[in-house]
Amino acid sequence: MIPLLLLLQVPADAYELTGRSWAWQADPVEDPFFFNLDSFPSSYRRSEMEDGFIAALDVWNVQGRAPIALRYGGTTDVVQFGGGPDGSNTMFWTPASTDGSVALAARTFLDADIVDCDIQVYGENSLGPVSWGFSQTEASGPDAYSFVYTAVHELGHCIGLTHSNVPGAIMRVNQSTNLGPGDWDLTPDDVAGLQAMYGVLESDLVIAEVVPSPPLESPGTAFDLVVRVENQGAGVATDVIGLISQTGGEAFATIVTGSAAMGDVAAGASTGTAEDALTFRLAVPFTCQETGAVSLDLTVAEASGLSVSQPVSFDVRCPAAPVITEPPPSRCAAVSASGWWALAALLVGWRRRERY
Ligand SMILES: [Zn+2]
């Protein structure tokens, strides 16, 4: 059991792992999470509660970038906190806590394998009543805690994390009041902890071809860089965008348009035309007078945040610089044919003078 508001004296520089996870499963977490809506006070709106819980599950699924899926199983009337693998990870309401916690997660494990996790949310703790904001838009008031934030935090315990002392991390031990959207985004520390347990989820997008055109450029002109993308996964890659940044060869081409969008890419689809490929624009400087390599970093990303990157390098062939004519040889450095005759005559004359 991990109290949310209980101050633990655990020194740490970053995320902390429990040493237990669902990594033993082929597709973690295989058992879905159920929500006991009827256990909560009737004053809370059910649709907001349910939407908030699903949003919390998706925070780990989407922002975590790990091969893990927290699934929503629907509503339940089960109230069970730990106690064994019952095939049902359950979120439910408990009227009062005996300590300062606002929520608590209970993992059931066999050796290093987590097999079940339940979460209870309190209506009151040792500090007084707890006011819950179930809306995904805000939780305001002096005692108002965000249900979405709390659910994201407790789900972090469920998947194997303990507390982090990194400021702003979802897994920090203390929760502030009045939190809203953006406050429950995962931080790099939370993502690093998740990926340390489950690995990194790679994008199914593949950069199939990078075509600079036309091949022969003229100084002062611009040209397109067309990137074909293939989706080798089973699902749709939505809102695919591309970004390029320059890593070398500025003397031969520089980036004019470094970002591009291509919408959705269906599973198995290969984007074959310029219209549905990513198209960037580069320009050749007026000073380009020789062939040289342009180096770029190319990243293609889906709306989910999954991305694929690779270095790109291609030649830009500019016209050779004009040949500069050498100045004519100096007269001091050569003797013309007539000069040889003059020299010979001089030598003959000198011998004559010598004879006479
Ligand atoms: Zn906690």
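**Exercise 1. How many bridges join strand E12 to strand E16, and in which sense do the two strands run?** Then place the pair in its sheet.

*Solution.* One thing before we start: this is a predicted model.

Step 1. Take E12 as residues 222-231 and E16 as residues 278-283; 6 bridges join them, and they run antiparallel.

Step 2. For a concrete pair in this ladder, go to Asp224, which stands opposite Arg281 in E16.

Step 3. Now zoom out. The open sheet that holds these strands has 4 of them, in the order E11-E12-E16-E14, with antiparallel pairing. The edges are E11 (205-213) and E14 (254-257), each of which pairs on one side only. From one strand to the next, the twist averages 30°.

**Exercise 2. Work out the strand order of the open sheet that contains E13 and E17, then walk across it pair by pair.**

*Solution.* Step 1. The order is E15-E13-E17-E18, an open sheet of 4 strands with antiparallel pairing. E15 (259-265) and E18 are the edge strands, each pairing on one side only. The twist here averages 25° from one strand to the next.

Step 2. Begin with E13 (residues 237-248) and E15: they pair in the antiparallel sense over 5 bridges. Two pairs to click on are Ala237 opposite Val265 in E15 and Gly242 opposite Ala260 in E15.

Step 3. Move on to E13 and E17, which run antiparallel and are joined by 7 bridges. Gly248 has Ser295 as its bridge partner in E17.

Step 4. Finish with E17 (residues 292-301) and E18 (residues 307-316), an antiparallel pair over 10 bridges. Leu298 finds its bridge partner in E18 at Gln310. These two strands form a hairpin with 5 residues between them, and Gly305 in the turn has a positive phi of about 100°.

**Exercise 3. Describe how helices H1 and H2 cross: what is the angle between their axes, and what class does that angle fall into?**

*Solution.* Step 1. The axes come within 8 Å and cross at roughly 45°.

Step 2. Check the cut-offs: under 35 degrees would be roughly parallel, and 65 to 115 roughly perpendicular. H1 and H2 are therefore oblique to each other.

Step 3. Add the handedness: H1 passes H2 in a right-handed crossing.

Step 4. List who meets whom. On the H1 side you have Gly52, Phe53, Ala55, Ala56, Leu57, Val59 and Trp60; on the H2 side, Phe147, Val148, Ala151, Val152 and Leu155.

**Exercise 4. Which residues touch the most other members of the largest nonpolar core, and which element gives it the largest share?**

*Solution.* Step 1. The core has 51 residues, and the best-connected ones are Ala56, Trp60, Val152, Leu155 and Ile159.

Step 2. Sort the contributors. Two or more residues come from each of strands E2 (33-35), E4 (89-94), E5 (103-110) and E6 (113-122), and from helices H1 (46-63), H2 (147-158) and H3 (188-198). H2 gives the largest share, 7 residues.

Step 3. Take Val152 as a test case. Leaving out residues up to four places away in sequence, it touches Ala56, Val59, Ile170 and Trp184.

Step 4. Don't miss the other core, which lies apart from this one: 24 residues, among them Val227, Val229, Ala237 and Val294.

Step 5. Now turn to H3. Its buried residues are Asp189, Asp190, Val191, Gly193, Leu194, Met197 and Tyr198. H1 and H2 are included in what covers them. After H3 comes Gly199, with a positive phi near 90°.

**Exercise 5. Is Ile114 buried or exposed?** Back up your verdict with its contacts.

*Solution.* Step 1. Find the residue: Ile114 lies in strand E6.

Step 2. Count neighbours. There are 25 other C-beta atoms within 10 Å of Ile114. The cut-off for buried is 20 or more, so Ile114 is buried.

Step 3. Look at who is there. Ile114 touches Arg20, Ser21, Trp22, Arg107, Phe109 and Gly160, not counting residues up to four places away in sequence. Ile114 and Gly19 are 95 residues apart in sequence, yet their C-alpha atoms are 9.8 Å apart in space.

Step 4. Set this against the whole chain. Of its 356 residues, 32% count as buried. Among contacts between residues at least 6 apart in sequence, 72% join residues at least 24 apart.

Conventions:
Residues numbered from 1 in each chain as written. Predicted model: local features only at pLDDT ≥ 70, side-chain atom pairs only at ≥ 80, totals over all residues. Pairing = 2+ DSSP bridges. Core = buried A, V, L, I, M, F, W, Y, C linked by C-beta atoms within 7 Å. Buried ≥ 20, exposed ≤ 12 C-beta atoms within 10 Å, placed from the backbone. Contact = placed C-beta atoms within 7 Å. Axes fitted to C-alpha atoms, helices over the stretch in contact; angles between N-to-C directions. Parallel < 35°, antiparallel > 145°, perpendicular 65-115°, else oblique. Left-handed = near helix turned anticlockwise from the far one by under 90°.
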